[in-house]
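Hi,

Here is the structure I said I would pass on. Have a look at it first, and my notes follow underneath.

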Amino acid sequence: MSRTALLVLADGRFPAGGHAHSGGMEAAVASGRVHDTASLEAFCRGRLYTAGLVAAGLTAAAADGYDALALDEAADTRTPGAALRRIARRLGRQLMRAARATWPSADLDHLARHRPQGAHQPVVLGVTARAAGLTPLDAARAAAYDSVGGPATAAVRLLSLDPLDATAVLARLAGELDTVADAADAAARRVTAEGVGVLPAASAPLLDITSEQHAAWTVRLFAS
């Protein structure tokens, strides 16, 4: 295993399309719920323990080699909003292209063949991590970080926040990122024996609602 592969995968410059998405931040800024560093931190923490935990669990299970198609169906049931499902599959399709060029593998080819319109991004991330030789725990770390790194970066653009302050928010969340990744990894290790029902299924109804509203905007800076 090369930990450098984790750095490549988690790098915002990895061409997986994440830069075009705000993870709900654009809608949160428009509503006034996020307006400064403190509210950014609160938003990121809430997202980490809901959408981030769910994504990390799916990613860890995929990295552990569990059936990616079954996990993709599990991701669907954990994503009630149609807009978020479309976004997850679009991001999964973009990640798949980058992953197959970077770490070619039969598992990625299999998933791409059976989900030509895109699998959910966390599932693709897990299969990619496995192809890169990463552990399920490292895969969960990448998913957890992705759940807050994108919104924090988007907030800099949307609010003209000092990038140093936004980075400090991510640093303050580091311990909680590890906690979420550990919980996701522990759940993923139970999937083979107990099924996908043991994976986290935390909900964030406000993210679901605002994603539907955001999708209807005629003018927006981010795709989500």
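Of the 224 residues in the protein chain, 51% count as buried. Keep in mind that this is a predicted model, and everything below is computed from it.

On the overall fold: the protein chain has 12 helices and 0 strands, so going by the definition of those elements, every one you meet from the N terminus on is α. The C-alpha atoms fill a box of roughly 45 × 35 × 35 Å along the principal axes. I also checked the radius of gyration: a compact globule with 224 residues would come out near 17 Å, and the protein chain has 16 Å, so the two agree.

The contacts reach across the sequence. Taking those with a separation of 6 or more, 81% are between residues 24 or more positions apart.

Now the inside. The largest nonpolar core has 68 residues, and Met25, Leu40, Leu111 and Leu199 touch the most other members. Helix 3 (residues 37-63) supplies the largest share of this core, with 12 residues. In general, nonpolar side chains in soluble globular proteins tend to be buried together.

What does Leu199 contact, leaving aside its neighbours within four places in sequence? The list is Gly57, Leu58, Ala61, Leu71, Arg78, Ala187, Ala188 and Val191.

As for the outside, the accessible surface of the protein chain is about 10200 Å², and carbon and sulfur atoms account for 55% of that. On charges, there are 22 positive and 22 negative ones, and their mean positions lie 5 Å apart.

Cheers

Conventions: Residues are numbered from 1 along each chain as its sequence is written. This is a predicted model: local features need pLDDT of at least 70, side-chain atom pairs count only at pLDDT 80 or more; totals for chains, interfaces and linings use all residues. Side-chain values use heavy atoms; hydrogens and water are left out. A nonpolar core is a set of buried Ala, Val, Leu, Ile, Met, Phe, Trp, Tyr and Cys residues joined through side-chain atoms within 4.5 Å. Buried means under 20% relative accessible area, exposed over 50%, partly exposed in between (1.4 Å probe, protein chains only). Helices (H or I, at least four residues) and strands (E, at least two) are DSSP runs, numbered from the N terminus. Contact means heavy atoms within 4.5 Å. The radius of gyration is taken over C-alpha atoms; the globule rule is 2.2 Å times the number of residues to the power 0.38. Accessible areas come from the Shrake-Rupley method with a 1.4 Å probe; for residues, only the protein chains shown count as cover. Lys and Arg count as positive and Asp and Glu as negative; His and the chain ends are not counted. The place of a charge is taken as NZ of Lys, CZ of Arg, CG of Asp or CD of Glu.
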